[in-house]
Amino acid sequence: MPPLVLLVDDFEDNRDLYEEYLVYKGYDVMVAANGVDGVRIACERRPDIILLDLRMPGMSGQEALLQMKARPDLAGVPV
């Protein structure tokens, strides 16, 4: 089973580009368009790694990171 990557970025072009490349390289990829969805998806699916944009409207990447790392089940996931 390939590693599961969560890609969180508010720019659709970036999400599309990175997702296409990661899938081409053999990863399973989930995408989120904002920090709130990123945290929700991470909690539901527990990815193997998270690629997180730091500058997003609403919940920033830093805020999302703090929420994810506060959870014991996500604390060890590399971001």
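Which residue forms a salt bridge with Arg40, and how far apart are the closest N and O atoms? The partner is Glu44, and the closest N and O atoms are 3.4 Å apart. Please keep in mind throughout that this is a predicted model. I will come back to Arg40 after going through the sheet.

Let me start with the strands. The sheet is open and has three strands, in the order β2-β1-β3, and the pairing is parallel. The two edge positions belong to β2, residues 28-32, and β3, residues 49-52. Each of these has a single partner strand, so one side of each has no neighbour in the sheet. Going from one strand to the next, the twist averages 20 degrees. As a reminder, strands of a sheet pair through backbone hydrogen bonds, either parallel or antiparallel.

Now β1, which covers residues 4-8 and pairs with β2 in the parallel sense over five bridges. If you want to follow the register on the structure, Val5 stands opposite Val29 in β2, and Val8 stands opposite Ala32 in β2.

Is β1 enclosed or open to the outside? Five of its five residues are buried, so the strand is largely enclosed by the rest of the structure. Both of its faces are covered. On one side the buried residues are Leu4, Leu6 and Val8, and on the other they are Val5 and Leu7.

Next, the loop between β2 and α2, where Ala33 sits. Ala33 counts as partly exposed because its relative accessibility is 33%, and the buried class ends at 20%. What does Ala33 touch, leaving aside its neighbours within four places in sequence? The contacts are Asp9, Asp10 and Arg15. Phe11 is 22 residues away from Ala33 in sequence, but the C-alpha to C-alpha separation is 7.3 Å.

That brings us to helix α2, residues 35-45. At its start, a side-chain oxygen of Asn34 comes to within 3.2 Å of the backbone nitrogen of Val36.

Which residues of α2 are buried? They are Gly35, Gly38, Val39, Ile41 and Ala42. These residues cover an arc of only 170 degrees around the axis, which places them on the same side of α2. As for what that buried set packs against, the list is β1, β2, β3 and α3, the last being residues 61-69.

Back to the charged residues, as promised. How many salt bridges does a search of the whole structure find? It finds three.

One of them joins the side chains of Asp37 and Arg40, at 3.7 Å from N to O. These two are three residues apart in α2, so about one helical turn separates them. Asp37 is partly exposed, at 25% relative accessible area. Arg40 is also classed as partly exposed, at 40% relative accessibility.

Another is the pair I opened with, Arg40 and Glu44. Both lie in α2, four residues apart, which is about one turn of the helix. Glu44 counts as exposed because its relative accessibility is 55%, and the class begins over 50%.

There is also a salt bridge between Asp73 and Arg71, with the closest N and O atoms 3.2 Å apart. Both residues are partly exposed: Asp73 has a relative accessible area of 33%, and Arg71 is at 32% relative accessibility. Salt bridges that share partners join Asp37, Arg40 and Glu44 into one network.

Last item: the residue that follows α2, Arg46. Where is Arg46 placed? It lies in the loop between α2 and β3. Its phi is positive, about 45 degrees, although Arg46 is not a glycine. For context, most residues other than glycine have a negative phi. Arg46 is partly exposed, with a relative accessible area of 41%.

To recap, there is an open three-strand parallel sheet in the order β2-β1-β3, and β1 has buried residues on both faces. Helix α2 has its buried residues on the same side, and Asp37, Arg40 and Glu44 form one salt-bridge network. After α2 comes Arg46 with its positive phi. That is all from me.

Key: Residues numbered from 1 in each chain as written. Predicted model: local features only at pLDDT ≥ 70, side-chain atom pairs only at ≥ 80, totals over all residues. Heavy atoms only, no water. Pairing = 2+ DSSP bridges. Axes fitted to C-alpha atoms, helices over the stretch in contact; angles between N-to-C directions. Salt bridge = Lys/Arg side-chain N within 4 Å of Asp/Glu carboxyl O. Buried < 20%, exposed > 50% of the residue type's maximum accessible area, 1.4 Å probe, protein only. Contact = heavy atoms within 4.5 Å. Arc of directions from axis to C-beta. Polar contact = N/O pair within 3.5 Å; in protein donor to acceptor, adjacent residues only side chain to side chain.
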